[in-house]
Every structure is written in structure tokens, then in C-alpha cells.
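Welcome, and thanks for taking a look at this one with us. Here is a short briefing to read alongside the sequence and the coordinates.

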Amino acid sequence: MESEDEEELVSSDDNEKLCDRSDTAYVTNHLALPASCRILVRNGTCLYYTEWNRKTHLSMSKDEEFKLMYGMIFSIKSFVSRISPYDLKDGFLNFKTSKYKLHFYETPSGLKLVMNTDLTAGNIRDVLHQIYSNIYVEYIVKNPMCELGVPIKSELFKTKLDDYIRGLSVFPMKLS
Amino acid sequence: MAQLSDAVLFEYLHIEIVGYIHRCADENEKDHCIAKLESLGFRVGQSLVERFTRESTRFKDELDTMKFICKDFWNSVYRKQIDNLRTNHQGVYVLQDNKFRFLTQISNGKQYMDVAPKFLAFPCGMIRGALANLGVNSVVTAEVSAMPACKFQIQIQRT
Amino acid sequence: MSRQSSRAPDPRKVNGELFTLTYGALVAQLLKDYEDDDEVNRQLEKMGYNIGVRLIEDFLARSNVSRCNDFRETADQIAKVAFKMYLGVTPVVSNWSAAGDEFSLLIENNPLTDFVELPDGHTDLNYSNLLCGALKGAMEMVQMEVDVKFVQDQLKGDNITELRLKFIRRLEDAVPAGED
């Protein structure tokens with residue numbers, strides 16, 4: 001399990017800037033505190049981005065950041081599958097720097113969910129799967145007004161995702 | 001007979017039918033599209049009700065027929081019952097569905113409000129078709145003020 | 001009260017019939033809108049494609065399957081899981097090509113064609129062509145381009161309904177700008 005599914009990369013300064021969460025005051029019960037979530041499709045388009053308590057923002061535009069993110073994930077994915085001695089079932093799941101943890105979930109249809117959290121988060125694959133199956137599929141795929149593969153505009157989706165994340169027991173009450 | 005087991009397929013098919021009917025019409029033919037969808041729904045409602053009532057006895061009165069639409073018919077098509085049924089006792093019935101299946105995924109309020117009529121024409125036709133087959137002639141319209149709630153108004157046509 | 005129960009059949013069953021009846025009404029409408037059977041086939045395939053690309057997400061969300069390793073595994077998933085889940089039937093996978101890139105789905109009771117008789121003069125109509133489109137659309141989303149067509153159809157008097165699937169190529173993730 002450890003060696004096959006979890007990849008830990010050494011932190012690099014560049015990565016740290018993406019999401020710096022140096023304080024852990026909001027963390028309860030040693031669980032994860034989601035900082036941001038994004039949904040990408042196979043061609044690298046970012047369908048949706050949202051953040052809850054991200055502390056640092058880059059000087060670059062969101063578009064630039066998405067491109068960097070997609071490039072990085074693309075490289076890690078191919079790196080991980082190349083060095084693995086086995087056929088990967090789930091592929092790469094997450095990595096940690098000294099400041100944050102990035103979680104990755106990809107469906108066989110190529111939809112990629114990326115969530116950044118603080119370092120205390122365990123495996124949140126379940127959370128990402130729930131977002132996919134109960135929120136994305138339910139409110140985007142089944143919504144005739146939502147074209148697939150283009151940025152998400154549905155208010156209903158935004159509300160449901162936000163409610164779901166805020167409803168997780170790990171989400172601190174303090175946050176507005 | 002083989003049994004199809006999933007409601008989601010019907011929902012996707014309905015979305016495609018709405019899309020198809022609107023694809024082959026231009027902007028000023030909107031009313032025409034609604035009418036076309038309504039008549040497709042009519043045909044489906046008509047044949048569907050036959051599947052139900054094969055062995056059953058006739059309904060005792062109009063209200064009894066309406067209750068059938070609100071309960072059994074609605075449950076089979078949308079997997080839930082109508083939340084509220086009202087009548088003025090003069091041939092007008094209002095069926096309220098607080099979470100209408102075809103709207104629950106579209107919006108929780110006013111977003112995309114302009115498209116709601118497209119997705120209600122077929123269901124209106126289905127009600128009219130079902131009633132017609134049970135010997136009740138009617139005109140059925142739908143009204144939405146905030147999705148996913150929807151009111152279907154049935155006006156009985158007596159001749 | 002007993003009357004009440006006699007008029008309420010199993011909602012799941014009626015829901016399946018609802019799909020079949022709605023599909024029938026759609027085909028009837030298309031036959032009215034287009035004179036040419038081929039055009040009707042094309043429209044059905046197009047709608048099927050649109051359904052397939054959405055349905056696959058629903059399928060993946062529910063079944064939580066991971067990526068198939070080869071085309072044989074894919075064939076099994078389609079027949080034993082997907083067809084069963086959505087159409088309530090399990091086609092037989094057979095007639096593999098020597099190269100393993102082509103197979104047939106044999107369907108005994110195609111639920112789309114319950115209550116259906118093909119109208120006269122529509123010999124070129126593939127009544128259930130929606131299925132071809134749906135399979136193509138769904139497979140494309142899991143990065144496989146396939147060709148799907150009917151080779152036999154019980155509606156046309158054949159003993160069985162046979163769908164032929166041919167693997168064409170694998171579709172890859174887009175490479176990020178600035179990399180090869």
C-alpha cells in the first residue's frame with residue numbers, strides 16, 4: 001500500500017508557494033482542512049476552482065497557475081507510472097511538501113480532482129470520490145444546462161460542493 | 001419480458017429529446033417545439049397508463065382518477081408522489097411537486113429559469129395522455145416560480 | 001383497499017416500459033421528420049452518443065470500477081455490468097476476431113424493441129441505433145475509439161440481435177503546453 005499508492009516528494013520552494021498554510025490553529029482532531037479544490041478535464045481545462053481558507057496567493061494569474069498545476073500533475077503521473085515496478089491501479093494519490101498536501105483523484109473518464117489541504121490530512125480519496133459521484137455526476141452530468149468539459153457555471157453545483165465540504169467534520173466552525 | 005432497470009436512462013433520453021426538438025427548429029418556433037414535446041408526452045402517457053390499468057377496475061370518480069395520477073402514476077414515472085393536490089371543485093386541479101425530478105439537477109432557485117418550460121412540456125403531455133386514456137379530457141399547464149418546485153394545473157374539458 | 005393495490009404495478013417495471021415507450025415515440029417522430037432511414041439512423045446515433053458521454057460518468061460513479069486493462073475486460077464490463085445495470089439484460093460476448101480487437105454482443109431480448117413492429121418500407125432503419133451511439137460515446141470517454149454497428153436484428157427477422165464492436169485506437173491525455 002505505502003510504496004505502491006503513496007508518493008511523497010520532497011518539498012520545493014515553488015510548490016510551497018502554491019498553497020502555504022503555516023498555521024494549524026483551525027485544525028481539529030488531526031484531520032484535514034481543505035484549502036482549495038479544482039476539477040480538471042483530460043485536455044487540461046480547469047472546469048472549476050474554489051478555495052476555502054487558502055492563505056497565500058501567487059502573483060501570477062489563475063490561468064497561469066492552472067497551467068502549472070496541470071503540467072506538474074501530468075509530469076508526476078507519468079513519472080510515477082514509469083518508475084513503478086507494478087502496473088498501477090490507482091496511480092498517484094497525493095504528495096506532501098513541508099507546508100501542504102496535494103491530493104489527486106482521477107476517474108477512468110479522465111476527470112481530475114485536485115484538493116490541497118494542510119499536512120494533517122490522511123487519505124481523502126473517499127471525499128474526492130464523493131465529490132465526483134454525488135456532486136459532479138449528479139449536478140453537472142445530469143444537468144442538461146451544463147455542457148461537459150467547459151467551465152462550470154451552475155449555482156446549484158457550487159452550493160452543493162460548498163455545503164458538502166463545510167459539512168465535513170473536519171471543517172472548523174470558525175470559518176465563515 | 002426483459003425489464004429495464006434504471007430511471008436515469010429515461011432522464012437522459014428525455015434531455016436528448018428536448019435537445020433534438022429544439023435543434024431542428026429556429027428561435028421563433030419555440031411554441032411549436034413545446035407543442036411537439038407535449039404531443040410526444042401525450043402519446044407516451046396514453047400508452048403507459050394502459051400498462052397500469054390492465055387488470056384494474058374503473059375509478060369511481062374524477063377525484064379518484066386524480067389521486068391515481070398523484071400517487072401510482074407519479075411514483076412510477078418520477079419515483080415519488082405529488083406533494084399536494086388541490087381542487088376548486090369546478091374542474092381545476094393543481095398538483096404540486098416540491099422537487100420535480102426533471103428540475104432537481106438544473107437549479108435550486110432562479111438560475112436557468114428560462115429553460116424550465118422546455119423540460120415541462122413532455123411531462124404535461126404525459127399527464128394529459130394518461131387522463132385522456134382514462135376518459136378525462138383536459139388541458140395541462142405547468143408553472144414554476146423557483147426550481148425545483150413545480151405546479152401542474154389540470155383543467156378538465158367538459159363538452 | 002384491495003383495488004388500490006391491483007392498479008399499482010411494480011414502479012421499476014413501469015419505469016422500464018416508460019423508457020421503451022418514450023424511445024418508440026421518439027423513433028416515430030424521427031420517421032415523420034425525415035424521409036430517409038439513413039438520416040434517422042444518424043440522428044439516433046447522435047443522440048445515443050450524447051447519452052453515452054453522460055451515462056459513462058453515472059456508470060463510473062456507481063460501479064467505482066477502475067480502468068480496464070484490455071479490450072476483453074472492457075467487453076465483459078459492458079455486457080455484464082453496464083447492460084445489466086441500465087437495460088436489465090446481459091448480452092453474450094462472442095465472435096472475437098483473431099487479433100482480439102473486435103467482438104460481438106448477442107442480445108436475446110432487446111428491451112428497446114418491446115411492443116415494436118417495424119413499419120413497412122423501412123428496411124434500412126436500425127431501430128435501436130441509439131445503442132451504437134451510446135456505446136461509442138461512453139467508450140470515447142474512457143479513451144477508446146470504437147466502431148459499433150448492428151449486424152443482425154431480431155426486428156428484421158434475424159434469430160438474434162448482434163452488435164459488433166471494433167477497437168480503433170486509444171485516445172491519450174493532452175500533453176501540457178511546452179512539453180513533449
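Two strands are said to pair when DSSP finds at least two bridges between them. With that in hand, chain B shows an open sheet of 4 strands in the order β1-β2-β4-β3, with antiparallel pairing. Please keep in mind that this is a predicted model. The points below take the sheets of chains B and C, then chain A and its helix pair, and lastly one buried residue of chain C.

**The sheet of chain B**

- The edges of the chain B sheet are β1 (84-87) and β3 (138-143), each of which pairs on one side only.
- On average, neighbouring strands of the chain B sheet are turned by 20° against each other, with direction ignored.
- Within the sheet, β3(B) pairs with β4 (residues 150-156) of chain B in the antiparallel sense, over 6 bridges.
- If you would like a residue pair to locate in your viewer, V139(B) stands opposite Q155(B) in β4(B).
- Helix α4 (residues 116-133) of chain B lies across β3 and β4 of chain B, and its direction is at about 150° to that of β3(B).

**The sheet of chain C**

- Chain C also has an open sheet of 4 strands, with the order β1-β2-β4-β3 and antiparallel pairing.
- Why is one side of β1 (92-94) and of β3 (144-152) of chain C left without a neighbour in the sheet? Both strands stand at the edges with a single partner strand each, so one side of each has no neighbour there.
- From one strand to the next, the twist of the chain C sheet averages 25°.
- Strands of a sheet pair through backbone hydrogen bonds, either parallel or antiparallel.
- In chain C, strand β2 (residues 102-107) and strand β4 (residues 161-170) pair in the antiparallel sense over 6 bridges.
- L105(C) has L163(C) as its bridge partner in β4(C), and L106(C) stands opposite E162(C) in β4(C).
- The strands β1(C) and β2(C) run antiparallel and are joined by 3 bridges.
- V93(C) stands opposite L105(C) in β2(C), so L105(C) is a handy residue to click on: its bridge partner in β4(C) is L163(C).**Helices on the chain C sheet**

- Helix α4 (residues 71-87) of chain C lies across β1, β2, β3 and β4 of chain C, running at about 155° to β1(C).
- Helix α5 (residues 130-141) of chain C packs on the sheet as well, where it touches β3 and β4 of chain C. The direction of α5(C) makes about 165° with that of β3(C).

**Chain A as a whole**

- Chain A has 5 helices and 5 strands, and along the sequence they follow the pattern α-α-β-β-α-β-β-β-α-α.
- Chain A has 176 residues, of which 34% count as buried.
- Taking contacts in chain A between residues at least 6 apart in sequence, 55% join residues at least 24 apart.

**The helix pair α4 and α5 of chain A**

- The axes of α4(A) and α5(A) come within 9 Å and cross at roughly 160°.
- Angles over 145 degrees count as roughly antiparallel, and α4(A) and α5(A) are therefore roughly antiparallel to each other.
- Is the crossing of α4(A) and α5(A) left-handed or right-handed? The crossing is right-handed.
- From α4(A), the contact is made by I131(A), I135(A), Y139(A) and I140(A). From α5(A), the residues are L156(A), F157(A), K160(A), L161(A) and Y164(A).
- By class, the contact of α4(A) with α5(A) has 8 nonpolar, no polar and 1 charged residues.

**Where chain A meets chain B**

- In this interface, 9 residues of chain A are in contact with 11 residues of chain B.
- On the chain A side, the elements that give two or more residues are α4 (125-141) and α5 (155-167) of chain A.
- Which element gives the most to the side of chain A that touches chain B? That is α5(A), with 3 residues.
- The residues on this side of chain A divide into 4 nonpolar, 2 polar and 3 charged.

**A residue to look at: N15 of chain C**

- N15(C) sits in helix α2 (residues 11-33) of chain C.
- A residue counts as buried if 20 or more other C-beta atoms lie within 10 Å of its own. N15(C) has 22 other C-beta atoms within 10 Å and is therefore buried.
- Leaving out residues up to four places away in sequence, N15(C) touches A7(B), F10(B) and S76(B).
- N15(C) and L130(C) are 115 residues apart along the chain, and their C-alpha atoms are separated by 19 Å.

Note on methods
Residues are numbered from 1 along each chain as its sequence is written. Chains are lettered from A and ligands numbered from 1 in the order in which they are written. This is a predicted model: local features need pLDDT of at least 70, side-chain atom pairs count only at pLDDT 80 or more; totals for chains, interfaces and linings use all residues. Two residues are in contact if their C-beta atoms, placed from the backbone, lie within 7 Å. Ala, Val, Leu, Ile, Met, Phe, Trp, Tyr, Cys and Pro count as nonpolar, Asp, Glu, Lys and Arg as charged, and the others, Gly among them, as polar. A residue is buried if 20 or more other C-beta atoms lie within 10 Å of its own, exposed if 12 or fewer, and partly exposed in between; C-beta atoms are placed from the backbone. Axes are lines fitted to C-alpha atoms, for helices over the stretch in contact, and angles run from 0 to 180 degrees between N-to-C directions. Angles under 35 degrees count as roughly parallel, over 145 as roughly antiparallel, 65 to 115 as roughly perpendicular and the rest as oblique. A crossing is left-handed if the near helix is turned anticlockwise from the far one by less than a right angle, and right-handed if clockwise.
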